[in-house]
Structure formats: structure tokens, C-alpha cells
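Visitor: Please take a close look at a single part of this model. After that, set out how some of its helices pack.

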Amino acid sequence: MKIAILPGDGIGPEIIDQAVKVLNVLGESFELETAPVGGAGYAAHGHPLPENTLALAKAADAVLFGAVGDYQYDKLERALRPEQAILGLRKQLGLFGNLRPAILYPELAGASTLKPEVVSGLDILIVRELTGDIYFGQPRGVRECPDGPFQGQREGYDTMRYAEGEIRRIAHVAFQAAQKRGKRLTSVDKANVLETFQFWKDIVTDVHQEYPDVALEHMYVDNAAMQLVRAPKKFDVIVTGNMFGDILSDCAAMLTGSIGMLPSASLDASNKGLYEPSHGSAPDIAGKGIANPLATILSAAMMLRYTFDKTEQADRIETAVKSVLAQGLRTADIFEPGTTRVGTEEMGNAVVKALAA
Ligand code: NAD
């Protein structure tokens with residue numbers, strides 16, 4: 001179980017330290033190796049994704065990634081900015097399946113902008129296709145409008161497309177994720193308007209034959225957006241394309257109200273994955289020891305579940321996180337009166353202690 005540890009910038013190193021501590025007490029034989037990425041990669045080797053870092057990530061079974069980005073690099077040309085590292089890793093590692101759980105522990109129900117009874121206990125997973133769809137389809141650009149009432153004017157255009165194999169592989173990821181959870185999958189499309197998504201729906205329906213233990217439903221994206229804020233707990237796993245997934249996953253993330261709590265995974269066809277918190281490098285609080293490490297610790301749990309198939313260890317970590325929240329421990333971002341404010345390190349130590357209990 002080779003894991004590349006890429007802490008990155010800002011709060012990245014602080015939160016990664018806590019996740020590594022947690023991995024080290026599980027009693028498993030992980031091989032961990034650390035390398036600089038993002039601004040740290042640029043500072044050390046003149047590139048946000050240095051060759052050695054990429055080689056390490058390619059050779060590993062999984063990558064545990066902190067966050068990248070620092071205002072001091074904002075003036076660099078785009079190709080050298082820290083954020084390019086994450087795009088480069090996704091592309092180079094072929095990470096087409098983005099898994100974003102949105103979990104709201106009952107203890108944190110007050111952090112959501114929605115009524116506690118709507119979101120308390122929420123536990124859904126959004127599986128977003130990450131490398132296709134209208135975001136990557138060709139041709140695209142600005143041209144002279146060829147027909148219609150605006151003929152001759154300039155028009156912007158993009159191409160929505162999905163190949164059968166692209167849909168099949170993300171559908172497999174989603175069905176398999178559903179098998180590890182509540183065995184219900186909602187495929188989100190716009191089949192009533194878009195040919196691409198009628199095709200998507202047909203292929204997902206076909207792949208379903210291989211997963212008779214999972215209940216499949218189809219839902220139009222506009223209805224899915226509405227249901228996500230009306231009754232989000234109705235969902236178990238949602239699978240959708242790149243653009244719809246981009247929008248719905250941010251919406252789902254905000255249901256929980258606390259960005260410091262949300263892990264994510266990006267997987268390739270053989271379940272090799274990159275695991276990272278959903279938030280950025282938070283330069284405003286970097287070095288202060290107050291960042292919430294739980295999203296990163298929960299990302300490590302996802303790594304055990306999806307890349308290493310160690311469900312029991314993943315469950316142990318998630319239970320330990322629930323237990324520290326139940327004890328009333330809170331970092332500043334999730335603090336409420338009546339709870340105990342702790343720093344990054346104390347929170348990490350509390351999870352380690354709960355694991356040992
Ligand atoms: P951000 O997620 O870093 O921060 C947004 C707000 O949330 C800040 O107030 C921050 O203090 C807070 N926050 C974030 N994570 C937290 C945590 N674990 N605990 C407590 N508070 C937390 O987003 P931003 O400010 O828009 O971006 C900052 C930098 O991060 C930019 O350079 C951006 O490009 C980069 N970024 C990187 C990634 C990534 O590495 N995958 C993702 C998003 C943004």
C-alpha cells in the first residue's frame with residue numbers, strides 16, 4: 001500500500017500531518033513518501049508539479065493531497081501557478097471519477113443554512129464524471145453565427161459529448177460505490193432535451209444489469225437540484241456528468257455548511273485514487289494551527305475504502321471522527337457556544353485517541 005503524500009501549500013502541511021498520524025496508528029503497513037507540490041513544488045523545483053512528484057504519484061497506489069495555492073504565486077504565468085498541479089495530476093493519472101460525499105453529522109446540524117430536520121444525519125455521495133462532457137468537447141470557440149436570426153454576428157459555442165466507454169466506466173464506479181453504501185443510485189441527466197444525456201441514460205440503464213442488487217432511478221437535473229435542497233436525505237448515491245456534477249456537488253457541499261468537514265476522491269479505472277479535502281489552502285489561516293483537519297482525515301478514510309478496500313479501517317476512522325464531535329470538540333470553523341474550541345493538532349490527537357479507545 002504505497003501512498004504518495006503531497007501536502008502542498010497554506011494549511012496543506014498542517015492538515016496532512018494529522019491524517020498521517022491517523023494512518024500510522026491503524027496498525028497497517030503503509031509505505032508513505034512525501035513530495036512538494038503546488039507553490040511548494042515551484043519553490044523547490046521551479047514547477048508546481050515537479051517531475052519527481054509526478055513520478056512518485058504515478059508509482060503510488062494512492063495520493064493523499066493537502067491543498068495548493070498561495071497569493072504570492074498569483075502573478076506567475078498560468079502554467080506555473082500552484083493550482084495547475086491538481087489539474088496536471090488529474091490528467092496524468094487519468095482520474096475520471098470524482099467522489100464527493102456530503103455528510104452532516106447531527107452534532108453540526110446548526111452549521112447548515114437549511115433547517116436541522118432537513119439536513120441532520122445527511123449522508124449522500126455525488127459521483128461526478130471529471131474528464132469529459134461540454135467542458136472538454138471539441139469543437140469550441142467563438143465564430144460567426146452561421147444561421148438563424150443572429151446570422152453573421154459573433155457566437156460562442158461548445159460541444160457536449162460523451163463516448164459510450166466514458167459513460168460505462170463512470171457508471172461502474174457509481175454502482176460499485178452504491179454497493180458499498182445504501183445500494184441506491186440516482187442517475188442525473190437532461191434526457192428530455194439533450195441527445196447526449198438520452199444516450200447517457202440508456203447506457204447507465206444497460207450497465208445496471210450487472211448490478212441487480214442496486215436500485216436505479218433516473219432524474220432530470222433541474223428536479224435533482226430542487227430535491228437536493230428540499231429533501232436531500234432521499235438520496236444515497238448520485239451519478240452525473242461533468243457539468244451537472246460540478247454544480248450539484250457544490251450545492252450538496254453547502255448543505256453541510258462546513259467546508260472543513262468534506263473529503264473527496266478522484267479515481268481511475270483501477271480504483272487508484274487521489275484523495276483530498278474539498279477546500280483550498282486557506283492562506284488566511286495558514287500557520288495559525290487552527291485549520292480543521294477532519295476533511296483530510298476523512299479523505300484518508302475514503303482512500304482506505306475505495307483504493308485499498310479496507311472498509312473496516314475506513315469505518316473505524318469515521319467512527320472516531322463522530323466520537324470527537326460527540327465529545328464537543330470543535331475547530332474554529334465549526335465552533336458553536338457550548339462546545340470546546342481546539343486547534344488543528346489537538347483535533348488530530350483526539351481522533352488518534354478515539355481510534356485507540
Ligand atoms: P479556501 O477553501 O482555501 O478557503 C475558503 C474559506 O474557508 C477561508 O476563509 C478559509 O479560511 C476557510 N477554510 C478552508 N478550509 C478550512 C479548514 N480546513 N479549516 C478551517 N477553515 C477553512 O478557498 P479560497 O480562499 O477561495 O482559496 C485559497 C487558495 O486555495 C487559492 O489559491 C485557491 O486557488 C486554492 N484552492 C485550492 C484547491 C485545491 O488545492 N484543490 C481548491 C480550492 C481552492
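Guide: The model is predicted. The part chosen here is Ser 266, which sits in strand 11 (residues 263–267). With a relative accessible area of 1%, Ser 266 counts as buried, because the cut-off for that class is under 20%. The side chain of Ser 266 makes a polar contact of 3.3 Å with the side chain of Asn 98. Asn 98 also appears among the residues in contact with Ser 266 once neighbours within four places in sequence are left aside; the others are Leu 95, Gly 97, Leu 130, Lys 272, Gly 273 and Leu 274.

Turning to helix packing, helix 6 (residues 164–179) and helix 7 (residues 195–208) have axes 9 Å apart, at an angle of about 50°. The two helices, helix 6 and helix 7, are therefore oblique to each other, and their crossing is right-handed. Helix 6 contributes Glu 164, Ile 167, Arg 168, Ile 170, Ala 171, His 172 and Phe 175 to the contact, while helix 7 contributes Phe 199, Trp 200, Ile 203, Val 204, Asp 206, Val 207 and His 208. By class, the residues of this contact between helix 6 and helix 7 are nine nonpolar, two polar and three charged.

Another pair is helix 1 (residues 12–24) and helix 12 (residues 344–356), whose axes come within 9 Å and cross at roughly 10°. Helix 1 is therefore roughly parallel to helix 12. The crossing of helix 1 and helix 12 is right-handed, and their contact has five nonpolar, four polar and three charged residues.

Methods:
Residues numbered from 1 in each chain as written. Predicted model: local features only at pLDDT ≥ 70, side-chain atom pairs only at ≥ 80, totals over all residues. Heavy atoms only, no water. Axes fitted to C-alpha atoms, helices over the stretch in contact; angles between N-to-C directions. Helix = DSSP H or I, 4+ residues; strand = E, 2+ residues; numbered from the N terminus. Parallel < 35°, antiparallel > 145°, perpendicular 65-115°, else oblique. Left-handed = near helix turned anticlockwise from the far one by under 90°. Nonpolar A, V, L, I, M, F, W, Y, C, P; charged D, E, K, R; others polar. Buried < 20%, exposed > 50% of the residue type's maximum accessible area, 1.4 Å probe, protein only. Polar contact = N/O pair within 3.5 Å; in protein donor to acceptor, adjacent residues only side chain to side chain. Contact = heavy atoms within 4.5 Å.
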